[in-house]
Every structure is written in C-alpha cells, then in structure tokens.
Amino acid sequence: MENFAMWILILLLFIILLQLLNYQFVIKNLNINKGKKNNKINNYKIKKFMTNYEKYFYDILVELEDEMDIRINPQVNLASILTKEHNHYYINELFRNIDFGIFTRDYNKLLLLLEINDSTHNSKDRIMRDKAIA
C-alpha cells in the first residue's frame, strides 16, 4: 500500500510539474513579441480574474455554498446561460460577463445574477454597457 501511495504522489508531482512547464511556455509565448512595433499578435498581459472588490464579495458568498446548497460562479458569461428568443436583433449583448452567477448545487437552475458596481463601472463605456444589459 505504501508503494501505491508513493506512486500516486510521484504522479501528482509529475502532473504539477507539467502544469508549471505549460504555464511558463504560455507566458513565454504571450510575451514573445512584446516591444515590437506594429505587431499585435501575442501581445497579451495577464490580468486579475476579479477586482479586489469582487474578490471580497466572492469570499463572503462562497461561505454560503454549503449552508444554502448553492454554487457561486464568478465571471459568468451571459451567452453561456441565456439564449435569444428572436433572431431579429444582434446578440452581442450576451457576450458580456456578470460578476457572479448563483446556481443550485447541481447547476440545473440559475437562481440569481449579481453585478457588483465597483469603481470599474464609473467609466463612460462601462456606464453605457451597464445600461445595455440592465
């Protein structure tokens, strides 16, 4: 049994190593053209997944998951949970993220969408976007 546990541990460490190497490869490729003029390919910068304010609320909400038998998902894309009933309008308003989706534990029912209006919502383009999806 100890042999089996040792092999599982080695396998897990190998998987973690592969993930780290893959992460380094991705970072290297994302930065490969950094600083070159007129070359927009691969010029990416990793940003925070949530703002500090969103993370603060997430940490509070996630504590309720077990007690309320729910799932909290940050940065939910509207197109992944909604469909348009009529195709005579553009659907690009669905390609936006909402700060949090609250679902039943089995994800069979959406209970609530929650948008936190932190300081990132003060710019003119965000004000227009918020009006469009309200």
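## Arg105 and its acidic partners

Arg105 forms a salt bridge with Asp66, and their closest N and O atoms are 3.1 Å apart. This pair links distant parts of the chain: Arg105 sits in the loop between β2 (97-104) and β3 (110-114), while Asp66 belongs to helix α3 (residues 65-68), 39 residues apart. Do bear in mind as you look around that this is a predicted model.

Arg105 also forms a salt bridge with Asp69, here with the closest N and O atoms 2.5 Å apart. Asp69 lies in the loop between α3 and β1 (70-77) and Arg105 in the loop between β2 and β3, so this pair ties together parts that are 36 residues apart in sequence. Taken together, Asp66, Asp69 and Arg105 are linked in a network of salt bridges. How exposed is each member of this network? Arg105 is partly exposed, with a relative accessible area of 26%. Asp69 also counts as partly exposed, at 45% relative accessibility, whereas Asp66 counts as exposed at 65%.

## A buried acid beside the network

Helix α3 is also the place of Glu65, and this residue deserves a look of its own. Glu65 is buried yet has no salt bridge. Which side chain of opposite charge is nearest to Glu65? That is Arg71, 4.2 Å away; a salt bridge needs the nitrogen within 4 Å of a carboxyl oxygen, so the pair does not count as one.

Leaving aside residues up to four places away in sequence, Glu65 touches Ile70, Arg71, Ile72 and Arg105. Arg105 therefore appears twice in this part of the story: as a contact of Glu65 and as a member of the salt-bridge network with Asp66 and Asp69, with the 4 Å limit applying to salt bridges.

## A salt bridge within helix α2

The structure holds three salt bridges, and one of them joins the side chains of Asp59 and Lys55, at 2.6 Å from N to O. What separates these two residues along helix α2? They are four residues apart in helix α2 (residues 52-62), which means about one helical turn lies between them. Both ends of the bridge are partly exposed: Asp59 has a relative accessible area of 35%, and Lys55 has one of 38%.

## A nonpolar patch on the surface

Now for a change of chemistry. Phe4, Ile8, Leu11, Leu12 and Ile15 make a nonpolar surface patch of about 460 Å². One of its members, Leu12, lies in helix α1 (residues 2-30). Leu12 is partly exposed, with a relative accessible area of 47%.

## Two positive phi angles

Most residues other than glycine have a negative phi. Which residues here go the other way? Gln75, although not a glycine, has a positive phi of about 55°, and Gln75 is found in strand β1. Tyr107 is not a glycine either, and has a positive phi of about 65°. The place of Tyr107 is the loop between β2 and β3, and this tyrosine is partly exposed, with a relative accessible area of 43%.

## Confidence along the chain

How does the predictor's confidence look, and where is it lowest or highest? The chain averages a pLDDT of 77, with 63% of the residues scoring at least 70. Among the elements of the chain, β1 has the highest mean pLDDT, at 95, while helix α4 (residues 124-133) has the lowest, at 64.

How values were computed:
Residues are numbered from 1 along each chain as its sequence is written. This is a predicted model: local features need pLDDT of at least 70, side-chain atom pairs count only at pLDDT 80 or more; totals for chains, interfaces and linings use all residues. Side-chain values use heavy atoms; hydrogens and water are left out. Patches are made of residues with over 30% relative accessible area and no salt bridge: like charges are joined within 9 Å, nonpolar side chains (Val, Leu, Ile, Met, Phe, Trp, Tyr) within 5 Å. Accessible areas come from the Shrake-Rupley method with a 1.4 Å probe; for residues, only the protein chains shown count as cover. Buried means under 20% relative accessible area, exposed over 50%, partly exposed in between (1.4 Å probe, protein chains only). pLDDT is the predictor's confidence in each residue, from 0 to 100. Lys and Arg count as positive and Asp and Glu as negative; His and the chain ends are not counted. Contact means heavy atoms within 4.5 Å.
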